[in-house]
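Visitor: I would like a close look at a single part of this protein, namely its sheet. Please take me through it slowly.

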Amino acid sequence: MDCRLTLIGKKFGMKTNLLQKNLIILIFFLNTSVLAIEEAKYDIIYKSDIYEIRFYSERLVVETKNNINSSAFKKLFKYISGANNTSEKIAMTVPVTQVKKDNSNYMQFIIPSKFNLKTIPGPTNLDVQISRIKEGYFGVIEYTGRSTATNFIKYSKILREKLSDDKILIRGSPIKATYNRPFTLPILRRNEVMFNVFWKNSVQ
């Protein structure tokens with residue numbers, strides 16, 4: 001890669017470092033500004049050097065069970081692409097979350113804020129359902145790189161330990177949140193681990 005950048009830089013009279021910088025800026029621009037999509041809204045209640053506490057309002061998600069043999073993402077993408085009872089195309093949002101509940105793993109797409117339980121189209125696939133996530137506080141740690149199981153476990157452990165050190169009680173399993181399209185470079189990816197927590201407005 002560096003060799004190719006050097007050759008390209010010579011061709012256009014640019015130094016390799018400058019070319020790398022410009023490419024990173026271009027890729028970042030393409031993955032944020034141009035392709036910007038709605039993100040679940042939240043308020044930052046507390047922020048440390050490692051994590052932050054966010055308050056999320058109640059929100060709707062479309063979800064399906066996620067396991068090795070399922071195509072969870074494909075099922076959810078088909079739903080927002082028109083596989084619903086009104087054949088309506090629904091905008092993609094971020095983050096895509098993966099959570100464990102009732103001893104099963106689920107993948108979730110957040111429903112755009114313009115919809116409510118009365119207006120959201122119903123899924124035509126019986127494996128897909130609309131659910132409501134109650135408002136609440138979440139401890140969140142952010143990291144770059146790929147959203148592999150290894151990285152998720154690593155940062156889940158870090159977040160759990162830091163919350164425990166600050167005497168913040170955790171409720172439930174860790175949630176994986178991813179924000180980027182597949183072609184995004186690992187260095188530009190935004191991944192998060194989230195824990196639903198009990199928050200008392202202070203950290204001892």
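Visitor: Before the sheet, what does the accessible surface of the protein come to, and what percentage of it belongs to carbon and sulfur atoms?

Guide: This is a predicted model. Its accessible surface comes to about 12,900 Å², and carbon and sulfur atoms account for 55% of that. Of the 204 residues in the protein, 37% are buried.

Now to the sheet. The protein has four helices and nine strands, and along the sequence they follow the pattern α-α-β-β-β-α-β-β-β-β-α-β-β. The order within the sheet is another matter to follow: the nine strands form an open sheet that reads β1-β2-β7-β9-β8-β4-β5-β3-β6, with antiparallel pairing. At the edges stand β1 (42-47) and β6 (129-133); each has a single partner strand, so one side of each is left without a neighbour in the sheet. From one strand to the next, the twist averages 35°.

In general, strands of a sheet pair through backbone hydrogen bonds, either parallel or antiparallel. One pair here is β4, residues 96-101, with β8, residues 170-178; they run antiparallel and are joined over three bridges. Glutamine 98 has lysine 176 in β8 as its bridge partner.

Two helices lie across strands of the sheet. Helix α3 (residues 72-80) lies across β3 (59-65), β5 (104-110) and β6, at about 30° to β5. Helix α4 (residues 149-165) lies across β2 (52-56), β7 (136-143), β8 and β9 (191-197), and runs at about 40° to β9.

As for contacts in the whole protein, among those between residues at least 6 apart in sequence, 67% join residues at least 24 apart.

Notes. Residues are numbered from 1 along each chain as its sequence is written. This is a predicted model: local features need pLDDT of at least 70, side-chain atom pairs count only at pLDDT 80 or more; totals for chains, interfaces and linings use all residues. Side-chain values use heavy atoms; hydrogens and water are left out. Two strands pair if DSSP finds at least two bridges between them. Axes are lines fitted to C-alpha atoms, for helices over the stretch in contact, and angles run from 0 to 180 degrees between N-to-C directions. Contact means heavy atoms within 4.5 Å. Buried means under 20% relative accessible area, exposed over 50%, partly exposed in between (1.4 Å probe, protein chains only). Accessible areas come from the Shrake-Rupley method with a 1.4 Å probe; for residues, only the protein chains shown count as cover.
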